[in-house]
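Hi everyone, thanks for coming. Please have a look at the chain on the screen, and I'll walk you through it.

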Amino acid sequence: MFELLFPSYCINCNKPGAYLCMKCQKKLKPSLPECYVCRRISNNYSTHPGCNAHRIDSAFIGWQYDSIAKKILSQYKYRYAYKLSTILSSLLLERLKRTGFIKNIKKNSIIVPVPIHSSHNKERGFNQSFLIARQLSEHLGCHLDENLLVRVGKNQYQSQSSLRDRKILDQVFRLEKQIENQDLIILDDVITTGTTINRIAQTLENNSIKAIALFRGRPHYLQQEP
Ligand SMILES: [Zn+2]
Ligand SMILES: [Zn+2]
């Protein structure tokens with residue numbers, strides 16, 4: 001009924017019917033299975049043994065972070081979070097099934113959305129990774145723990161500190177409780193350099209760690225292709 005009164009429009013092409021129409025969903029380019037550290041092809045997104053300094057054994061990326069991905073993400077963050085989180089998490093689940101990565105995920109794993117600063121949380125009202133993490137945990141039969149990690153360090157900002165120092169301070173996480181013998185899955189919206197997930201992995205001792213992200217830019221060696 002509500003949908004009849006307020007029809008939804010595709011955030012990319014404005015076609016009425018869905019927040020992301022089928023045609024635009026298909027425009028998303030699946031990421032190639034690569035090692036998140038060196039970005040060379042690897043077996044089902046696993047980290048090469050020689051690259052695995054941070055103990056993240058694999059990092060699954062849904063799609064390339066291209067112009068349509070950017071559009072989806074900005075609409076997701078600032079307007080249609082709940083609507084788009086449903087679409088994005090079911091598309092992500094489909095990718096996990098199609099690639100077989102889902103077989104690497106143990107049922108009792110804990111999904112941990114990358115925390116944002118509490119100050120950001122207040123401004124925007126929610127952590128955007130949390131919605132996807134929650135729906136994914138339901139689909140996968142995993143636990144969700146959005147309070148396991150907190151981001152610390154923002155208060156340490158000095159007005160005179162350089163941007164680089166701020167970025168480093170921004171990437172400090174604290175573990176709120178100890179967990180043992182459970183696999184962890186870090187969930188992020190976009191992976192860029194991998195610093196965030198590496199920093200998180202540093203705080204998680206004695207656990208098997210995986211990462212899942214919606215998007216990542218193309219590796220440099222593919223940058224020239226059409
Ligand atoms: Zn569309
Ligand atoms: Zn590698």
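Among the contacts in this chain with a separation of 6 or more, 68% are between residues 24 or more positions apart. One pair of residues shows such a long separation along the chain: tyrosine 82 and isoleucine 132 are 50 residues apart, yet their C-alpha atoms are separated by 9.1 Å. Please keep in mind that this is a predicted model.

Now the parts list. The chain has eight helices and seven strands, and 31% of its 226 residues count as buried.

Let's start with the sheet. In what order do the five strands of the open sheet come? The order is 1-7-6-2-3, with parallel pairing. Strand 1, residues 56-64, and strand 3, residues 143-144, stand at the edges with a single partner strand each, so one side of each has no neighbour in the sheet. At the strand 3 edge, two bridges join strand 3 to strand 2, residues 110-113. There you can find isoleucine 110 opposite histidine 143.

There is also an antiparallel pair: strand 4 and strand 5, residues 172-175, are paired over four bridges. Valine 152 has valine 172 in strand 5 as its bridge partner. Here is a rule worth knowing: in a regular strand, side chains alternate between the two faces of the sheet. Strand 4, residues 149-152, shows this alternation: Leu149 and Arg151 point to one face and are buried, while Val150 and Val152 point to the other and are not buried.

Next, the core. In soluble globular proteins, nonpolar side chains tend to be buried together. In this model the largest nonpolar core has 47 residues, and Ala59, Ile185, Ile186 and Leu187 have the most contacts inside it. Among the elements that each supply at least two residues are strand 1, helix 3, helix 4 and helix 8. Which strand gives the most to this core? That is strand 7, with six residues. If we zoom in on alanine 59 and leave aside neighbours within four places in sequence, its contacts are Tyr36, Tyr45, Thr47, Ile191, Ile197 and Ala211.

Tyrosine 45, one of those contacts, lies in the loop between helix 2 and strand 1. Is tyrosine 45 buried or exposed? Tyrosine 45 counts as buried because it has 23 C-beta neighbours inside 10 Å, and the cut-off for buried is 20 or more. Its phi is positive, about 65°, although tyrosine 45 is not a glycine.

Asparagine 14 is another residue other than glycine with a positive phi, near 70°. Asparagine 14 sits in the loop between helix 1 and helix 2. With 8 other C-beta atoms within 10 Å, asparagine 14 is exposed.

Let's finish with helix 4. Helix 4 has 19 residues and reaches 26 Å from first C-alpha to last, close to the expected 27 Å. Its buried residues are Leu84, Ser85, Leu88, Ser89, Leu92, Arg95 and Leu96. Seen down the helix axis, these buried residues fall within an arc of 130°, so they line one face of helix 4. They pack against strand 1, helix 3, helix 6 and strand 7. The face turned away from the buried side carries the exposed residues Lys97 and Arg98. Tyrosine 82, from our opening pair, lies in helix 4 too, and tyrosine 82 is exposed, with 10 other C-beta atoms within 10 Å. After helix 4 comes glycine 100, with a positive phi near 85°.

Thanks for listening!

Technical notes. Residues are numbered from 1 along each chain as its sequence is written. Chains are lettered from A and ligands numbered from 1 in the order in which they are written. This is a predicted model: local features need pLDDT of at least 70, side-chain atom pairs count only at pLDDT 80 or more; totals for chains, interfaces and linings use all residues. A residue is buried if 20 or more other C-beta atoms lie within 10 Å of its own, exposed if 12 or fewer, and partly exposed in between; C-beta atoms are placed from the backbone. Two strands pair if DSSP finds at least two bridges between them. Two residues are in contact if their C-beta atoms, placed from the backbone, lie within 7 Å. A nonpolar core is a set of buried Ala, Val, Leu, Ile, Met, Phe, Trp, Tyr and Cys residues joined through C-beta atoms within 7 Å. The expected span of a helix is 1.5 Å times one less than its number of residues. The arc is that of the directions from the helix axis to the C-beta atoms.
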